[in-house]
Amino acid sequence: MTPVTSQPSAAGGLQSASPEARANSHEPTVSSLLSRPWYWYYVLGLLTLCYVANVVDRSQVLAASLQAIKREFSATDAQLGLLSGLPFAIFYSFLGIPIAAWADRSSRRNVLAWSCALWSAATGACGMAVNFAMLFVARIGTAVGEAGGSPPSHSLISDYFPKLKRGTAFSIFALAVPIGTAIGAAVGGWGAQNLGWRTTFYLVGFPGVFLALLVRMTVIEPPRGYADFGGKVIVKGEAPAVKSVVTFMFGRPSFVHLSLAAALHSVVWYASGAFNNAFFQRSHQMSASEAGYWISLFSMIGGVGTFAGGYLADRLSKRAADRRWYMWVPGIATLACVPLQFVAYLSPDRALVMPMFGAMTFMAAVFFGPSFAMTQSIATLRMRSVATSLLLLVQTLIGQGIGPWLAGFISDRLVPSMGRQSLRYSLVLVGLVNVWAALHYLIGARSLRQDLEATEKLATL
């Protein structure tokens, strides 16, 4: 019996497509490349490369340039925290939903290509700012473009890779975060010191336009649900209305806890990402470039953690026949970050600080693959882009919107008592949020199996 996928009703809700309608439909010709695993990995590699550019443009070049921007524009730490978080978080989060809905209704490849071109051009424009306000506006442009990056990419990956391979596929995709962070930290630190922060933004921003062209010319748009049923089912009809997707996803307790866990962990992630370079400069007397090189190294270690997270979740879930490991793996790793953060930020001994930073970054990066994979599994086939945008809405609005600002705010308040060392204590205090994040992963695991089974029944009724 051929499985039947979920379809939207006229009112935007979910209903099952009839077998008769399926029998009378004519499936379009699908390129033979879609059945070739090497092409799956080519597309995955290109999407990952776009995500690398996204991460480089998003934060690390700015993070490495913060001290120079602070001097040039006479900005406070709180202002720098706002620049690193608020404009990006608001526009990235809220515009992600309509752009994702567009992707669910049209060509995900084209949405990604246009978005990549926009965020790349806007990042280059950051270097043209002549005052803090202009830089703030340019960052908004970067956010608008990057809002259309992850949702269509996640949906495309889900239609290229079968369910039992998605945890690993999403971990490979999520390697873009540590790789992009490593490149951004190294190039940003070197560029800020040797080229100036403006030229550095030109260097990392404008080349992304060529990536956008490569996506448009070489990525095939697969049929919806292509990988779920061995390429035999093609989803017809319109995607559900955004309101229906919101109701569906937030009606699943596991997704609510998953998104809150990722968001709270991201408070720590983005706070550290925004201020680690400044921390090394202030507390360990490093230059911007030296700090950038160390952060680059730690980010590569984080890449190992990113891959390990998805790989372990896939293997443990398969071995134990229990998909709750997709929640348990990131929950355990997030909790393990807390003691590592105390040593990494408070110890004055570099010989101890550096290995602790490596271990902390490894554990912090584990959550990406399992979180992305479960979001796609909880969602039905025609709502995957919007489902990702909802996860990113919560994660980015809370994580990036609050994290950098909170770290900067606490640091400013500690200056009278801690002086130049205020930032290290601020980052430790923000790091305690990881305890709260881990709790949500563990609570979310309780309802994960039931929620996944409910979604899968919609495709077999």
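How much area does the chain expose, and what share of it do carbon and sulfur atoms supply? In this predicted model, the exposed area comes to about 17000 Å², of which 69% is supplied by carbon and sulfur atoms. The chain comprises 461 residues, and 61% of them count as buried. Its secondary structure consists of 19 helices and two strands. Among contacts between residues at least 6 apart in sequence, 84% link residues at least 24 apart.

Confidence in the prediction was examined along the chain. The average pLDDT is 84, and 89% of the residues score at least 70. Among the elements, the lowest mean pLDDT, 38, belongs to helix α1 (residues 19-24), whereas the highest, 96, belongs to helix α14 (residues 325-346). The pLDDT is below 50 over residues 1-29, a stretch that nevertheless has 62 contacts in the model beyond near neighbours in sequence.

Internal space was considered next. Rolling a probe the size of a water molecule over the atoms reveals where empty space remains. Three cavities of 30 Å³ or more are present in the structure. The largest cavity contains about 500 Å³ of space. Its lining is made up of 34 residues, and those nearest the centre are Val177, Thr181, Trp269, Tyr270 and Gly273. Two or more lining residues are contributed by each of α2, α8, α12 (253-284), α13 (288-320), α14, α15 (350-364), α16 (368-378) and α17 (384-418). Helix α12 provides the largest share of this lining, eight residues. Classified by residue type, the lining of the largest cavity has 18 nonpolar, 15 polar and one charged residues.

The second largest pocket has a volume of about 160 Å³. Its lining is formed by Val52, Ala53, Val56, Asp57, Ile183, Val187, Leu203, Val204, Gly205, Pro207, Gly208 and Leu211. The elements supplying two or more of these residues are α2 (37-73), α8 (176-194), α9 (197-205) and α10 (208-218). Of the elements, α2 gives the most to the lining of this pocket, with four residues. By class, the pocket lining has nine nonpolar, two polar and one charged residues. Helices α2 and α8 thus appear among the contributors to the lining of the largest cavity and among those to the lining of the second largest pocket.

Phe170 lies in helix α7 (residues 163-174). This residue counts as buried because its relative accessibility is 0%, where the cut-off for burial is under 20%. Leaving aside neighbours within four places in sequence, Phe170 is in contact with His154, Ile157, Ser158, Gly369, Phe372, Ala373 and Gln376. The C-alpha atoms of Phe170 and Leu44 are separated by 8.9 Å, although the two residues are 126 apart along the chain.

Backbone geometry was examined at two loop positions. A negative phi is found in most residues other than glycine. Gln285, which is not a glycine, has a positive phi of about 55°. Gln285 is located in the loop between α12 and α13 and counts as exposed because its relative accessibility is 59%, the threshold for exposure being over 50%. Ala321, likewise a residue other than glycine, has a positive phi near 50°. The loop between α13 and α14 contains Ala321, and a relative accessible area of 67% makes Ala321 exposed.

Terms used. Residues are numbered from 1 along each chain as its sequence is written. This is a predicted model: local features need pLDDT of at least 70, side-chain atom pairs count only at pLDDT 80 or more; totals for chains, interfaces and linings use all residues. Side-chain values use heavy atoms; hydrogens and water are left out. pLDDT is the predictor's confidence in each residue, from 0 to 100. Contact means heavy atoms within 4.5 Å. On a 1 Å grid over the protein atoms alone, a cavity is a set of points where a 1.4 Å probe fits but cannot get out, and a pocket is an open set with protein on both sides within 12 Å along at least five of seven lines; lining residues have an atom within 4 Å of a point. Grid points are joined across faces, edges and corners, and a volume is the space filled by probe spheres set on the points. Ala, Val, Leu, Ile, Met, Phe, Trp, Tyr, Cys and Pro count as nonpolar, Asp, Glu, Lys and Arg as charged, and the others, Gly among them, as polar. Buried means under 20% relative accessible area, exposed over 50%, partly exposed in between (1.4 Å probe, protein chains only). Accessible areas come from the Shrake-Rupley method with a 1.4 Å probe; for residues, only the protein chains shown count as cover.
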